Amino acid sequence: MKISEFKTAGKLITGPGAINALADEVNRLKMTSLAIITDKGVSQAGLFEQLLAKLPIEPSIVIDDIPPEPEVNVIEEKVRLLKKSKVNGVVALGGGSAIDAAKVLAATYDYSGSISDLFGENLIKERNIPLIVLPTTAGTGSEVTNIAILSDPIEQVKKGIVSHCLLPDVAIVAPEMTLSCPKAITAASGVDAFVHALEAFISVNASPITDALAEKAMTLIFNALPHAYRNGENLVAREQMATGSLMAGLAFGNAGVGAVHALAYPLGGRFHLSHGMSNAVMLPHVLRANAPFCSDKLFSVALLLKVCPPDTRKEKAIATLLDAVDKLCIDVGIPRTLREFDIPEQVIPQLAEDASKVTRLLRNNPKQLTVEDIENIYRNAY
Ligand SMILES: NC(=O)c1ccc[n+]([C@@H]2O[C@H](COP(=O)([O-])OP(=O)(O)OC[C@H]3O[C@@H](n4cnc5c(N)ncnc54)[C@H](O)[C@@H]3O)[C@@H](O)[C@H]2O)c1
Ligand SMILES: [Fe+2]
């Protein structure tokens, strides 16, 4: 038996109407001067107004222009802005981009160095102000992870800051906050959540606890995503997606993700494909390379998701699972090849070089991939 550690946000409040708990949590955490971190799309959808109506105090500062997949220099600028106002609490409202930004802003409020120096593991040592997060996508699971991902425009890759100081004090996961999520974002962030669960399940660091969370997350997301995509107003499907993505976040926040994410990072960094899109396009190709190295687990996923009859042979069941995952992506309108994103074929060796440096994630992968393996996977995805 391996020893494993389980980390999550301090408190999870979930379900329709969970936002009503916000005022009590703000008071409990003695937040008397608040910063709200959100983005334009979320505000335009009316969610910021809904949040304001639930707050017990007026915010001291509102930063409402976090861009999608934020670059590190944008966060540096927001850190300077935030430091000018005396706050003792941060509330984030948005998808992974706004939540990741808020996690870094709260944790660097008393830090005077450069944010770029914090990429890597455990370089942030303390956070002195409390943080409440409310996801509006389903989703990144960022509400329960110790990671924030930012784009590095110089090296043109996405990089992670990992620290226990990034774990929020409270995550309020209210599915109605995702009802306004546009179709393309529902699809991309939904497939991202599925990848979190699947990669956590086959991770070399999986534990019985993360497996249980990943299994339930895969079932919820696999069944609910097409419904949430086709009819965004379907609150039952939205709730299943919100719970599924939260459980996937709990699974991967502890077991880690693997090569799908490692190979997706350079697509975001160099070609600005969204995180969810880049994961979705790489998913079936990385799974094919991984399959011989995690066949028992993939077989159990095939049976769990009922993609084939229970007496199907292992190889056939895995092949059917790969087709079903591909079909899920097609059903939610995600392009299946890198070519469709106008990525030139000659950059593949560079992409492979970039991805091979994401060792923080590659080391979780069931198959240890060489640069040549990675290049072949990109060629299969082209
Ligand atoms: N920290 C983690 O654990 C973790 C995990 C996975 C991904 N990420 C990061 O999260 C980011 C992606 O986050 P995302 O997929 O949630 O998307 P996002 O936060 O980038 O949002 C995408 C767009 O959707 C809009 N939007 C979000 N919710 C909406 C709603 N309910 N109604 C209307 N519009 C809405 C936003 O305004 C934005 O324009 C990436 O930077 C990725 O790297 C972080
Ligand atoms: Fe992800």
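A residue counts as buried when its relative accessible area is under 20%. With that cut-off in hand, strand β4 is a good place to start in this predicted model. β4 runs over residues 89–94, and 6 of its 6 residues are buried, so the strand is largely enclosed by the rest of the structure. In a regular strand, side chains alternate between the two faces of the sheet. β4 can be read in just that way: Gly89, Val91 and Leu93 point one way, while Val90, Ala92 and Gly94 point the other way. Both sets are buried.

β4 also has strand partners. Strands in a sheet pair through backbone hydrogen bonds, and they can do so in a parallel or antiparallel fashion. Strand β2 (residues 34–37) pairs with β4 in the parallel sense, over 4 bridges. One of the matches here is alanine 35, whose bridge partner in β4 is valine 90. Strand β6 (residues 131–135) also runs parallel to β4, and 5 bridges join the two. In this pairing, glycine 94 has proline 135 of β6 as its bridge partner.

Another set of strands forms an open sheet. It has 3 strands in the order β5-β8-β7, and the pairing is mixed. β5 (120–121) and β7 (147–152) are the edge strands, each pairing on one side only. β5 pairs with strand β8 (residues 157–162) in the parallel sense, over 2 bridges. Here glycine 120 meets isoleucine 161, its bridge partner in β8.

How do the two annotated parts of the chain look? An unreviewed UniProt entry places "domain: Alcohol dehydrogenase iron-type/glycerol dehydrogenase GldA" at residues 11–175. This span is 27% helix and 24% strand, and its end C-alpha atoms lie 17 Å apart. For residues 186–382, UniProt lists "domain: Fe-containing alcohol dehydrogenase-like C-terminal", again from an unreviewed entry. That stretch is 72% helix and 0% strand, with 24 Å between the end C-alpha atoms.

Now for the metal. Which residues hold the iron ion (ligand 2)? It is coordinated at 2.1 Å by Asp192 through OD and by His196, His261 and His275, each through NE2. Along the chain, these donors follow the spacing D-x3-H-x64-H-x13-H. Histidine 196 sits in helix α6 (residues 183–202) and histidine 275 in helix α10 (residues 275–290), so this pair, 79 residues apart, links distant parts of the chain. Both histidine 196 and histidine 275 are buried. What about the geometry? Four tetrahedral donors would ideally give angles of 109.5 degrees. The 4 donor atoms around the iron ion (ligand 2) subtend angles of 87 to 157°, which makes the arrangement irregular. To count as tetrahedral, four donors need all their angles between 85 and 135 degrees.

Helix α15 (residues 371–381) shows a neat split between its sides. Ile374, Ile377, Tyr378 and Ala381 are buried. They cover an arc of only 100° around the axis, and that puts them on the same side of α15. The spacing rule behind this is simple: an α-helix has 3.6 residues a turn, so residues three or four places apart point the same way. On the face turned away from the buried side, α15 carries the exposed residues Glu372 and Asn380. Among the elements covering the buried residues of α15 are α9 (259–271), α10, α13 (348–356) and α14 (359–362).

Finally, the loops. Most residues other than glycine have a negative phi. Glutamate 69 has a positive value instead, with phi near 50°. This residue is found in the loop between β3 (61–63) and α4 (72–83), and at 24% relative accessibility it counts as partly exposed. Histidine 272 also has a positive phi, near 55°. It lies in the loop between α9 and α10, and its 61% relative accessibility makes it exposed.

Is threonine 145, in the loop between β6 and β7, buried or exposed? With a relative accessible area of 2%, threonine 145 is buried. Leaving aside neighbours within four places in sequence, threonine 145 is in contact with Lys103, Leu166, Leu167, Pro168, Gly249, Phe252 and Gly253.

Definitions and conventions
Residues are numbered from 1 along each chain as its sequence is written. Chains are lettered from A and ligands numbered from 1 in the order in which they are written. This is a predicted model: local features need pLDDT of at least 70, side-chain atom pairs count only at pLDDT 80 or more; totals for chains, interfaces and linings use all residues. Side-chain values use heavy atoms; hydrogens and water are left out. Donors are N, O and S atoms within 2.8 Å of the metal (3.2 Å for Na, K and Ca); water is not among the atoms, so sites may look incomplete. Four donors count as tetrahedral if all angles lie between 85 and 135 degrees; four count as square planar and six as octahedral if opposite donors are over 155 degrees apart and all others between 65 and 115; anything else is irregular. Buried means under 20% relative accessible area, exposed over 50%, partly exposed in between (1.4 Å probe, protein chains only). The arc is that of the directions from the helix axis to the C-beta atoms. Contact means heavy atoms within 4.5 Å. Two strands pair if DSSP finds at least two bridges between them. UniProt positions are given in the numbering used here, feature names are shortened, and annotations may be inferred rather than shown by experiment.
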